[in-house]
Amino acid sequence: MSTALLEVRDLSCRFGGLMALDGVSFSVASGEIFGLIGPNGAGKTTLFNLVSGLTPPSSGSVIWRGAAITDLPPHRRNRLGLARTFQNLRLFDDLSVLDNLLVALERHSRSSSIDGLLCTARHRQAERQRREAAWQLLEELGLSALADRQAGTLAYGDRRRLEMARALGTDPALLLLDEPAAGLNPAEKEGLCALIQELRQRHRLTVMIIEHHVPLLMRLCDRMAVLDFGVRIALGSPNVVRRDPRVIAAYLGGDASGETP
Ligand SMILES: Nc1ncnc2c1ncn2[C@@H]1O[C@H](COP(=O)(O)OP(=O)(O)OP(=O)(O)O)[C@@H](O)[C@H]1O
Ligand SMILES: [Mg+2]
């Protein structure tokens, strides 16, 4: 029996004359850490855009817990439990770290604007819960000492973790991370790896992660897919993928040992 949380079925995306994705299919099981690798321009971010609903596919479908969500807008998919971070971070640079997080939590909360206007007890309680949830997330992501800092002044690694906190604030079942380790030094990359595993446990997450650092991804992931020119050229456990001749030829430059290409 399939326990797929997410399935992409024969997904294609054409930009003018360019097939950014060409008939890509795979499924992601609940609880998995699923990696996506491929050279620059292979279609990885496009795939995330199709899964999160930012870009409509040219054909194919996105299936969530067995039901098609291909036509749903991003906020509806977010409500269903899909959240993502962006390759180019999207934070409010002028707001504090805490406020960046509160905005994300507020957007997701269901307390009505009437409650807010009237400042009802229900609204005050929701507000208190949001603050507690925000502090808890800041703690988990090692950002609580930076809560009052303007997001624009943070170091790169802290900014990336704040984006993760914002995505986690919507209480997702599936977290899509687009190159969360980009720009981090080796020690920070290791720390991030451990953090993702920890968050998976604590939040019962399924994670899809795009990452160019192949050894890190191979250590982190249960399974992975490899894209090349929009086509899925390999799928399976890191051990299977690293021995795949098409992957070696297309991506790992003749060395699939797991060392940095
Ligand atoms: N909105 C768009 N309009 C036109 N072409 C696009 C658009 N978005 C992506 N592309 C093109 O589609 C292809 C796939 O892009 P995508 O960003 O998905 O690659 P990627 O695998 O994420 O690459 P990278 O590793 O550099 O982030 C590229 O050739 C890109 O230029
Ligand atoms: Mg990309």
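Buried means under 20% relative accessible area. The model shown in these close-ups is predicted.

**View 1. Helix α6, largely enclosed.**
Helix α6 covers residues 156-168. Of its 13 residues, 12 are buried, so α6 is largely enclosed by the rest of the structure. The buried set runs through Gly157, Asp158, Arg159, Arg160, Arg161, Leu162 and Glu163. It also includes Met164, Ala165, Arg166, Ala167 and Leu168. From first C-alpha to last, α6 reaches 19 Å. That is close to the 18 Å expected at 1.5 Å a residue.

**View 2. The magnesium ion and its two protein donors.**
Ligand 2 is a magnesium ion. Thr45 coordinates the ion through OG1, and Gln87 does so through OE1. The distances are 2.0 to 2.2 Å. Thr45 sits in helix α1 (residues 44-52), while Gln87 sits in the loop between β6 (82-84) and α3 (97-108), so the pair ties together parts that are 42 residues apart in sequence. Both donor residues are partly exposed: Thr45 has a relative accessible area of 25%, and Gln87 has 30%.

**View 3. Helix α1 and the glycine after it.**
How many of the 9 residues of α1 are buried? The count is 8, so α1 is largely enclosed by the rest of the structure. The buried residues are Lys44, Thr46, Leu47, Phe48, Asn49, Leu50, Val51 and Ser52. Thr45, the magnesium donor, is partly exposed at 25%. Gly53 follows α1. The phi of Gly53 is positive, near 95°.

**View 4. The largest pocket.**
The largest pocket holds about 630 Å³ of space. Its lining has 23 residues, and those closest to the centre are Asn78, Arg84, Phe86, Arg107 and Thr170. Four elements, α2 (74-80), β6, α3 and α6, each supply at least two lining residues. Helix α2 gives the largest share, with 5 residues. By residue class, the pocket lining divides into 10 nonpolar, 6 polar and 7 charged.

**View 5. The one cavity found.**
Rolling a probe the size of a water molecule over the atoms shows where empty space is left. A search of the whole structure finds 1 cavity of 30 Å³ or more. The largest cavity holds about 40 Å³ of space. Its lining is made by Thr85, Phe86, Leu89, Arg160, Glu163, Met164, Leu177, Asp178 and Pro180. Two elements, α6 and β7, give two or more residues to this lining. Which of the elements gives the most? Helix α6 does, with 3 residues. The cavity lining divides into 5 nonpolar, 1 polar and 3 charged residues. Phe86 lines this cavity and is also among the residues closest to the centre of the largest pocket.

**View 6. Ala83 against Ala167.**
Ala83 belongs to strand β6. Is Ala83 buried or exposed? At 5% relative accessibility, Ala83 counts as buried. Ala83 and Ala167 are 84 residues apart in sequence. In space, their C-alpha atoms are 5.5 Å apart. Leaving out residues up to four places away in sequence, Ala83 touches Asn78, Ala167, Thr170, Pro172, Leu174, Leu175 and Leu176. Ala167 is one of the buried residues of α6. Asn78 and Thr170 also appear among the residues closest to the centre of the largest pocket.

**View 7. Ser61 in strand β4.**
Ser61 is part of strand β4 (residues 59-64). Its relative accessibility is 19%, so Ser61 counts as buried, the cut-off being under 20%. Contacts of Ser61 beyond four places in sequence are Glu7, Val8, Arg9, Leu11 and Thr70.

**View 8. Two loop residues with positive phi.**
Most residues other than glycine have a negative phi. Asp171 has a positive phi, near 55°. Glu179 also has a positive phi, about 55°, although it is not a glycine. Asp171 lies in the loop between α6 and β7 (174-178). Glu179 lies in the loop between β7 and α7 (186-203). Where the two part ways is accessibility: Asp171 is exposed, with a relative accessible area of 61%, whereas Glu179 is buried at 10%.

Key. Residues numbered from 1 in each chain as written. Chains lettered and ligands numbered in written order. Predicted model: local features only at pLDDT ≥ 70, side-chain atom pairs only at ≥ 80, totals over all residues. Heavy atoms only, no water. Donors = N, O, S within 2.8 Å, 3.2 Å for Na, K, Ca; no water. Buried < 20%, exposed > 50% of the residue type's maximum accessible area, 1.4 Å probe, protein only. Contact = heavy atoms within 4.5 Å. Expected span 1.5 Å × (residues − 1). 1 Å grid on protein atoms, 1.4 Å probe; cavity = no way out; pocket = protein on both sides within 12 Å on 5 of 7 lines; lining within 4 Å. Points joined across faces, edges and corners; volume = space filled by probe spheres on them. Nonpolar A, V, L, I, M, F, W, Y, C, P; charged D, E, K, R; others polar.
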